[in-house]
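Here are some notes to go with the model you asked about. Have the structure open while you read.

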Amino acid sequence: MSTPSPFFPAVSPAELEARLRLHLLPELGPRRFRKLLSAFDSASAALSAPASAWRALGLPAACSEPRRSAEIRERARATLQWLEAPGQHVLMWDDPAYPALLAELADAPPLLFVAGEPRLLESPQLAMVGSRRASQPGLDNARAFARSLAAGGFVITSGLALGIDGAAHQGALQGHGKTVAVLGTGLQCLYPRRHVGLAAQIIEQGGALVSELPLDCPPQASNFPRRNRIISGLSLGVLVVEASPSSGSLITARLAAEQGREVYAIPGSIHHPGARGCHQLIREGATLVESIEHILEALRGWQTPVVESISAPLDSVAHPLLALLHAAPHSTEALVQSSGWPLAEVLAALTELELDGLVCNEAGRWLARSR
């Protein structure tokens, strides 16, 4: 007799369909979902219970009224059809295959939809998050750190957003590593659309897309902060690469701290608004990160030998202008003043450095780039 797949739900088809219907009900979050299963022993029994029994548990009418509706049944049927395709799974919080670190959360998702490789969710993960409007050096840092950490055996977990998130996923893929994208939408409503190709590449290279939301859930602002607890909950630690004080990345970092995870932050120039969130985290106790070793120090034993190492940018800087730009962004005029070089010499050097990919110009200011 064949052994059932560890990623096929360990419940009957009827109970699976009932859990999917429960999951689709409005105003029924993780805690209420668990309350129902605890009170009635199964989703099937919960769906059959009278509305008065739901009210007795303190659940609003908005939860109970639509549970037998044709729309809910049809959406559950469509989900079951989605699960029949290869590489598409649902993990349940009471299933042995559910990621153990995430299961520790009081509000762990009762259902987790996965496109790609579910086993990856049990691998050592490091979350990388940051600004959607990141600077070029921030994007470079995200790619470089993700590439190196992936080479060290960590799965890179992020949120598929524009900016730092996307750069982190790309860096892991460039390093032939694995990456997990936790979405703030359903898996059939990938957002942002600009990253549809990146999402496909993540799956093709053995990674996974993950969401707690119904497959057909469109982008809604309130869902993105909620998914941050999953990003941090799956991971051993969170690295904030670049963020303003109002960034959602700081929510992820604080959730990580509350969950007992490590929090890391890369410092930046005091003149760069995108560094202020990281500086705030460092003041609050996050580990200041200038090299990959600062991350690995707290995670010894989890990773395989690191193939590539990133040192602090200044360690390998020989060019005087690069040293100035690693310290802070400069205008051309400021570089002339700080270096004492003639304007023509500064311009010639900047042109050479830009061609080598070591500097870039943003809004009239020169910034150093990480390789």
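The points below cover the cysteines, a helix end, an arginine and a pocket, and keep in mind that this is a predicted model.

1. Let's start with the cysteines. The disulfide count for this model comes to zero. Take cysteine 63, which is in no disulfide: the nearest cysteine sulfur belongs to cysteine 217 and sits 15 Å away. A pair of sulfurs has to be within 2.5 Å to count as a disulfide. Cysteine 63 is also buried, with a relative accessibility of 0%.

2. Why does cysteine 278 have no bond to the closest cysteine sulfur? That sulfur is in cysteine 360, and at 18 Å from the sulfur of cysteine 278 it is too far for a bond. Cysteine 278 counts as buried as well, since its relative accessible area is 0%.

3. Next, have a look at helix H16, which covers residues 332-339. Serine 331 caps its N-terminal end, with a side-chain oxygen 3.1 Å from the backbone nitrogen of alanine 334. At the other side, just after H16, you'll find glycine 340 with a positive phi of about 80 degrees.

4. Arginine 261 deserves a paragraph of its own. You'll find it in the loop that runs between helix H12 (248-258) and strand E8 (262-265). Is arginine 261 buried or exposed? It counts as buried, because its relative accessibility is 9%, and the cut-off for buried is under 20%.

5. What does the side chain of arginine 261 reach? One partner is the backbone oxygen of serine 235, at 2.9 Å. Another is the backbone oxygen of glycine 233, which lies 2.7 Å from a polar atom of the arginine 261 side chain. If you set aside neighbours within four places in sequence, the residues in contact with arginine 261 include Leu101, Glu104 and Leu105, along with Ser232, Leu236, Gly237 and Ala256. Gly233 and Ser235 are on that contact list too.

6. Last, the second largest pocket. It holds about 330 Å³ of space and has 21 lining residues. Which of them lie nearest its centre? Those are His23, Leu25, Leu213, Pro214 and Arg226. Helix H1 (13-24) and helix H11 (223-233) each contribute at least two residues to the lining. By type, the lining of this pocket splits into twelve nonpolar, four polar and five charged residues.

Technical notes:
Residues numbered from 1 in each chain as written. Predicted model: local features only at pLDDT ≥ 70, side-chain atom pairs only at ≥ 80, totals over all residues. Heavy atoms only, no water. Buried < 20%, exposed > 50% of the residue type's maximum accessible area, 1.4 Å probe, protein only. Polar contact = N/O pair within 3.5 Å; in protein donor to acceptor, adjacent residues only side chain to side chain. Helix = DSSP H or I, 4+ residues; strand = E, 2+ residues; numbered from the N terminus. Contact = heavy atoms within 4.5 Å. 1 Å grid on protein atoms, 1.4 Å probe; cavity = no way out; pocket = protein on both sides within 12 Å on 5 of 7 lines; lining within 4 Å. Points joined across faces, edges and corners; volume = space filled by probe spheres on them. Nonpolar A, V, L, I, M, F, W, Y, C, P; charged D, E, K, R; others polar.
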